[in-house]
Amino acid sequence: LPLFERLEKRIVDGERNGLEDDLDAAMQEKKPLEIVNDNLLAGMKVVGDLFGSGQMQLPFVLQSAEVMKAAVAHLEPHMDKDDSGGKGKIVLATVKGDVHDIGKNLVDIILSNNGYDVVNIGIKQPITAILDAAEENKADVIGMSGLLVKSTVIMKENLEEMNSRGVGEKWPVMLGGAALTRGFVENDLTDMFTGEVNYAKDAFDGLRLMDNIMT
Ligand code: B1M
């Protein structure tokens, strides 16, 4: 297979052997982020479709996720960076009950590489932990990720909790993840939340939103 198709297939097959060599060769032709967007995410999409239609079992999805993570970790040091920091601080978490973190970690990379301070507190985080981290780190923004349909319900509950604690206006909230839609955020969450809630379609949309919020 040609190099870029092979890279996509590596994600689908969960094949790590020789991954770094292929990535190094790919970086001769494309920027690391283009490789992530064009090839690696394309592979993850195939994995999601195969899993969703019952043609792939969970342990293989996990292997694909591991290869995806290894690939991003190998590319990350080569990405263009604005290391200045200080443009603003965001606490990032995957919400309670949800283990998916590849997307959240990509958001972390994109924001960190573009001058934001990111406090990434990990997966399965209850709102109490998210708010504690925002308070302790004097965050400007709270970011929540979730990929399960039930995580969209959790996000709504989290905003309700922020309302009831009276901290809705303290932190603008950014939400993302495959189960969310702009419609859900704009129709179901904007009015019930006392503060500002934004939907980010992908990591670059997240960066654009952060730039808007912080200026
Ligand atoms: Co799971 N899983 N999974 N999974 N998994 C999905 C989400 C699913 C859609 C697959 C499917 O059925 N087609 C489905 C959810 C269905 C639903 O809720 N209706 C599903 C399921 C069912 C499950 C389990 C329940 C399976 C089981 O146990 N029976 C289980 C859940 C466990 C739990 O959470 N409690 C489970 C487990 C797993 C693995 C552990 C095997 C693995 C995750 C590994 C990991 O993340 N460390 C996994 C994977 C890999 C997937 C799919 C295949 C791929 C997800 C991914 O990484 N995509 C996924 C299929 C899919 O999404 N269509 C699936 C790539 C990633 C870059 O995209 O995260 O969307 P994404 O992030 C994007 C944007 O959404 C956005 O930017 C990113 C980059 O552009 N974004 C943000 C994300 N967060 C953001 C936050 C922001 C801003 C933007 O600001 C804060």
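**View 1. How helices H4 and H5 pack in this predicted model.** Angles under 35 degrees between helix axes count as roughly parallel. Here, the axes of H4 (residues 58–75) and H5 (residues 102–112) cross at roughly 5 degrees and come within 11 Å, so the two helices are roughly parallel to each other. Look for Ala65, Met68, Lys69 and Val72 on the H4 side of the contact, and for Ile102, Asn105, Leu106 and Ile109 on the H5 side. Sorted by character, the residues of this contact are 6 nonpolar, 1 polar and 1 charged.

**View 2. The cobalt atom of the ligand and its protein donor, His100.** Zoom in on the NE2 atom of His100, which sits at 2.2 Å from the cobalt atom and is its only protein donor. To find His100 along the chain, follow the loop between strand S1 (89–94) and H5.

**View 3. The residues around the ligand.** The ligand has 34 residues around it, and those that come nearest are Val99, His100, Asp101, Ser145 and Val149. His100 is already familiar from the previous view as the cobalt donor.

**View 4. Polar contacts of the ligand with Ser145, Val149 and Ala178.** Start at Ser145, where an N or O atom of the side chain lies 2.8 Å from a nitrogen atom of the ligand. At Val149 the backbone takes part instead: one of its polar atoms is 2.8 Å from an oxygen atom of the ligand. Ala178 also uses its backbone, with an N or O atom 3.4 Å from an oxygen atom of the ligand.

Definitions and conventions
Residues numbered from 1 in each chain as written. Predicted model: local features only at pLDDT ≥ 70, side-chain atom pairs only at ≥ 80, totals over all residues. Heavy atoms only, no water. Axes fitted to C-alpha atoms, helices over the stretch in contact; angles between N-to-C directions. Helix = DSSP H or I, 4+ residues; strand = E, 2+ residues; numbered from the N terminus. Parallel < 35°, antiparallel > 145°, perpendicular 65-115°, else oblique. Contact = heavy atoms within 4.5 Å. Nonpolar A, V, L, I, M, F, W, Y, C, P; charged D, E, K, R; others polar. Donors = N, O, S within 2.8 Å, 3.2 Å for Na, K, Ca; no water. Near = heavy atom within 4 Å. Polar contact = N/O pair within 3.5 Å; in protein donor to acceptor, adjacent residues only side chain to side chain.
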